[in-house]
Amino acid sequence: MHLRLISFELCPFVQRSVITLRYKQAPYEIDYIDLEHPPEWFLALSPTGKVPVLQVDRQTVLFESAVINEFIDDITPPSLKPSDPLTLALNRAWIEFGSQAIIDQYRLMMSETEHDLEHHLAAAIAGLRRLEASLGEGPWFNGEAFSLVDGAYAPLFMRYALLNQAMPLFDGADFPRIQAWADRLNALEAVKGSVVPDFAARLKAYLQAREGYGPRQFAGIPG
Ligand SMILES: N[C@@H](CCC(=O)N[C@@H](CS)C(=O)NCC(=O)O)C(=O)O
């Protein structure tokens, strides 16, 4: 099966799919677009105008990262999804929770004013508190077995590790389970290779090119 992933190099949702592809060692092609000036062919292909899009066998177009990830998982056994229906449903719900956390993080990064930043940070931290309380002993979200939920959170944690260096947002010690989970995720080959090699520098350049309190603060990330 031929898999072509259409990406924007800084997109955390695409990164989730790259992690699944790499974790499952599925061969794929990746094409990058400029999301600010999306090419016509992409707009014709993508029903939502969003990345990721996965084009299968050069024809069928899949969209929505959670759907794409389940498809990649389904065609590359053994499965990264739990077989128990309730656990699976819960995993899907927490993946959706993670999507909101990614959105909160983006809003935080792009805050126009200091007041906005405080507001978005409070929302982000409230989400992290909920997440922390839902985590077990690990090592992974479901315990011993790595699953799609784990990969879905890695982009969020990778970005917080960078943002925290520009402006201390929260202390990892206040979220010990998340911190341990994030460290394990960041050490995975599938995660390390899921972004462009100069990801931090590109994120920094993206922030430097933007106005507002948040971009000014976070443009101080190393890169
Ligand atoms: N729910 C979608 C979210 C994807 C998404 O928001 N992608 C962003 C880039 S990170 C995008 O393409 N934005 C372009 C737009 O909203 O027009 C998913 O999980 O795939």
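1. Let's start at the ligand. A polar side-chain atom of Glu64 sits 2.7 Å from a nitrogen atom of the ligand. Keep in mind as you look around that this is a predicted model. Two further close pairs involve ligand oxygen atoms: one is 2.6 Å from an N or O atom in the side chain of Ser65, and one is 2.9 Å from a polar backbone atom of Val51. On its own, the ligand has 520 Å² of accessible area, and the protein covers 69% of that.

2. Which residues surround the ligand? They are Cys11, Pro12, Phe13, Leu35, Gly49, Lys50, Val51, Pro52, Glu64 and Ser65. Try selecting them in your viewer, then come back for a look at Gly49, one of this group.

3. Gly49 belongs to the loop between helix 2 (40–45) and strand 3 (53–56). Is Gly49 buried or exposed? Neither word fits: with 26% relative accessibility, it counts as partly exposed. Beyond its neighbours within four places in sequence, Gly49 is in contact with Leu35, Phe42 and Leu43. Of these, Leu35 is also among the residues around the ligand. For a sense of scale, Gly49 and Ala123 lie 74 residues apart in sequence, and their C-alpha atoms are 27 Å apart in space.

4. Now step back to the whole chain. The protein is divided into domain 1 (3–75) and domain 2 (85–218). Taken over C-alpha atoms, the centres of the two domains are separated by 20 Å. The domains do touch: 19 residues of domain 1 are in contact with 27 residues of domain 2.

5. Next, the nonpolar interior. The largest nonpolar core has 69 residues, and the members that touch the most others are Phe157, Trp181 and Phe218. Helix 6 (residues 148–166) gives the largest share of this core, eleven residues. Both domain 1 and domain 2 take part, each supplying at least three residues.

6. Phe218 is a good place to see this core in detail. Setting aside residues up to four places away in sequence, Phe218 touches Leu108, Met109, Leu117, Leu163, Ala166, Met167, Leu169 and Leu207. Two of these partners, Leu163 and Ala166, fall within the range of helix 6 (residues 148–166).

7. Ser17 lies in helix 1. How accessible is Ser17? Its relative accessible area is 0%, so it is buried. Apart from residues up to four places away, Ser17 touches Leu5, Pro52, Ser65, Ile68, Asn69 and Ile72. Pro52 and Ser65 also appear among the residues surrounding the ligand. The C-alpha atoms of Ser17 and Pro38 are separated by 20 Å, with these positions 21 residues apart along the chain.

8. Asn69, one of the partners of Ser17, is found in helix 3 (residues 65–75). Asn69 counts as buried because its relative accessibility is 6%. Leaving out neighbours within four places in sequence, Asn69 is in contact with Arg16, Ser17, Thr20 and Leu148. Asn69 and Phe218 are 149 residues apart in sequence and 30 Å apart in space, C-alpha to C-alpha.

9. Lysines may surprise you here. Lys24 sits in the loop between helix 1 (12–23) and strand 2 (29–32), yet Lys24 is buried, with a relative accessible area of 14%. A polar atom of the Lys24 side chain lies 2.5 Å from the backbone oxygen of Thr76. Not counting residues up to four places away, Lys24 touches Asp73, Thr76, Pro77, Pro78, Ser79 and Leu80.

10. Lys81 makes a good companion to Lys24. Its place is in the loop between helix 3 and helix 4 (85–109), and Lys81 is buried too, with a relative accessible area of 18%. Which side chains does Lys81 meet in polar contacts? One polar contact, of 3.0 Å, joins it to Asp73, and another, of 2.5 Å, joins it to Asp74. Aside from residues up to four places away in sequence, Lys81 touches Glu70, Asp73, Asp74, Leu88 and Leu148. Notice that Asp73 is also touched by Lys24, and that Leu148 is also in contact with Asn69.

Terms used:
Residues are numbered from 1 along each chain as its sequence is written. This is a predicted model: local features need pLDDT of at least 70, side-chain atom pairs count only at pLDDT 80 or more; totals for chains, interfaces and linings use all residues. Side-chain values use heavy atoms; hydrogens and water are left out. A nonpolar core is a set of buried Ala, Val, Leu, Ile, Met, Phe, Trp, Tyr and Cys residues joined through side-chain atoms within 4.5 Å. Buried means under 20% relative accessible area, exposed over 50%, partly exposed in between (1.4 Å probe, protein chains only). Helices (H or I, at least four residues) and strands (E, at least two) are DSSP runs, numbered from the N terminus. Domain bounds come from an automatic or database domain assignment. Contact means heavy atoms within 4.5 Å. A residue is near a molecule or strand if one of its heavy atoms lies within 4 Å of it. A polar contact is a pair of N or O atoms within 3.5 Å; within protein, one must be able to donate a hydrogen and the other to accept it, and residues adjacent in sequence count only if both atoms are side-chain atoms. Accessible areas come from the Shrake-Rupley method with a 1.4 Å probe; for residues, only the protein chains shown count as cover.
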